[in-house]
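Me: Could you take one part of this model and examine it closely, describing what it contains and how it is placed against the rest of the chain? Please give the cut-offs behind each term as you go.

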Amino acid sequence: MGAEKARSAEAFALERVAAAAREVQVASTALKAHFAEDGARQPSTLELARFAAAMQELKDARDAFDLLIVGDTDR
């Protein structure tokens with residue numbers, strides 16, 4: 001039962017990392033649109049904040065996953 005719960009926690013942590021990575025990709029694509037043409041239009045504060053929040057969530061998710069894996073050395 002303990003190994004099953006650990007795998008479940010790992011699966012959840014991996015899904016969190018994947019979801020955060022997808023959000024970073026979406027936010028990054030939105031920012032790229034400003035530089036694709038002539039670069040004249042600046043990204044909005046909301047777009048920049050969304051990208052910053054997505055990057056922070058990805059960092060937090062990866063850190064949590066790393067802690068989960070490092071703490072699971074008895075397998």
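Reply: **Helix α2 and its surroundings**

Aspartate 63, with a relative accessibility of 34%, counts as partly exposed, a class that lies between buried (under 20% relative accessible area) and exposed (over 50%), computed with a 1.4 Å probe and protein chains only. The model is a predicted one, in which local features need pLDDT of at least 70 and side-chain atom pairs count only at pLDDT 80 or more, while totals for chains, interfaces and linings use all residues. Residues are numbered from 1 along each chain as its sequence is written, and side-chain values use heavy atoms, with hydrogens and water left out.

Aspartate 63 joins lysine 59 in a salt bridge, at 2.9 Å from N to O; the term stands for a side-chain nitrogen of Lys or Arg within 4 Å of a carboxyl oxygen of Asp or Glu. Both residues belong to helix α2 and are four residues apart, about one turn of the helix, and lysine 59 is likewise partly exposed, at 47% relative accessibility.

The helix itself has 26 residues and spans 37 Å from its first C-alpha to its last, close to the expected 38 Å at 1.5 Å a residue, the expectation being 1.5 Å times one less than the number of residues. Helices here are DSSP runs of H or I with at least four residues, numbered from the N terminus.

A second salt bridge ties α2 to another part of the chain: the closest N and O atoms of arginine 50 and glutamate 23 are 2.6 Å apart, and the pair links helix α2 with helix α1 across 27 residues. Arginine 50 is partly exposed, with a relative accessible area of 38%, and glutamate 23 is too, at 30%.

Glutamate 47, also in helix α2, touches Ala30, Leu31, His34 and Arg41 once residues up to four places away in sequence are set aside, contact meaning heavy atoms within 4.5 Å. A polar atom of the glutamate 47 side chain lies 2.8 Å from the backbone nitrogen of serine 44.

The buried residues of α2 are Ala54, Leu58, Ala61 and Phe65, and they recur in the largest nonpolar core, together with Ala13, Val17, Ala20 and Val24; such a core is a set of buried Ala, Val, Leu, Ile, Met, Phe, Trp, Tyr and Cys residues joined through side-chain atoms within 4.5 Å. Both α1 (2-36) and α2 (45-70) give two or more residues to this core. Leucine 58, beyond its neighbours within four places in sequence, is in contact with Val17, Ala20, Ala21 and Val24.

Definitions and conventions
A polar contact is a pair of N or O atoms within 3.5 Å; within protein, one must be able to donate a hydrogen and the other to accept it, and residues adjacent in sequence count only if both atoms are side-chain atoms.
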